[in-house]
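Trainee: Please give me a close look at the buried interior of this chain and at what surrounds it.

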Amino acid sequence: MSIAAVEARIAQIQGQLTQLQPAAPMNGAVFAQMMSGATAAYGSTTTGAATGGTATAEGVIATARQYVGMPYVWGGSSPADGGMDCSGLVQHVFAQHGIDLPRVSNDQARSGSPRAPASTSA
C-alpha cells in the first residue's frame with residue numbers, strides 16, 4: 001500500500017468519524033427545550049394506569065427538569081449515587097409520580113402501552 005493510499009484511507013476514516021459527532025453539544029438549555037417540545041407534542045395525557053400510578057406529562061417533565069446538570073454516573077439510579085445514568089433517571093423520575101418502571105432501559109421500553117400524540121387541531 002502506498003503512502004498516498006494510506007493518507008486517502010485516513011482521510012476517509014476521519015470523514016466518517018466527523019459524521020458520528022453531534023452537531024452541537026447537549027447542554028441544559030437544549031435539554032429543557034427538548035422537554036418543552038415533548039410536553040407540546042403529548043399534551044397533558046395521563047400515564048401510569050397499568051402500574052397504579054397517575055401522572056401528567058407536564059408533571060413528569062417538570063420533575064425531570066430538576067435534574068438538568070446532574071452528572072452522568074453509569075449505574076447511578078438516584079441523586080444519592082452522585083448522579084444517574086439514562087435509565088436510572090427515567091426510573092427515578094417516574095417513581096416520584098407513583099409509576100414503577102424496571103431499572104434497565106430495554107425493559108423500560110417494553111413497559112406500558114403505546115400512545116398516539118395528542119391532536120393539536122382546533
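Mentor: A residue is called buried under 20% relative accessible area, exposed over 50%, and partly exposed in between (1.4 Å probe, protein chains only). By that rule, buried residues account for 20% of the 122 residues in the protein chain. The model is predicted, so local features need pLDDT of at least 70 and side-chain atom pairs pLDDT 80 or more, while totals for chains, interfaces and linings use all residues. Numbering starts from 1 along each chain as its sequence is written, and side-chain values use heavy atoms, without hydrogens and water.

As a frame for the interior, the chain has five helices and four strands (DSSP runs, H or I of at least four residues and E of at least two, numbered from the N terminus). Along the sequence they follow the pattern α-α-β-β-α-β-β-α-α. Of the contacts (heavy atoms within 4.5 Å) between residues at least 6 apart in sequence, 39% join residues at least 24 apart.

The largest nonpolar core (buried Ala, Val, Leu, Ile, Met, Phe, Trp, Tyr and Cys residues joined through side-chain atoms within 4.5 Å) has eight residues: A55, V60, A64, Y67, M84, V93, I99 and L101. In soluble globular proteins, nonpolar side chains tend to be buried together. Within this core, Y67 is a useful residue to follow. Leaving aside neighbours within four places in sequence, Y67 is in contact with P79, M84, L89, H92, V93 and Q96.

Two of these partners, H92 and V93, lead to helix α4 (residues 86-95), where the buried residues are S87, G88, H92 and V93. The cover over the buried residues of α4 includes helix α3 (57-65), strands β3 (77-78) and β4 (83-84), and helix α5 (105-109).

Charged side chains also belong in this view. The structure holds two salt bridges (a side-chain nitrogen of Lys or Arg within 4 Å of a carboxyl oxygen of Asp or Glu). One of them joins the side chains of R103 and D85 at 3.1 Å, N to O. This pair links distant parts of the chain, 18 residues apart: R103 is in the loop between α4 and α5, and D85 in the loop between β4 and α4. D85 is buried, because its relative accessible area is 8%, whereas R103, at 25%, counts as partly exposed.

The side chains of D107 and R110 meet in another salt bridge, at 3.6 Å, N to O. Here D107 is partly exposed at 34% relative accessibility, and R110 is exposed at 60%.
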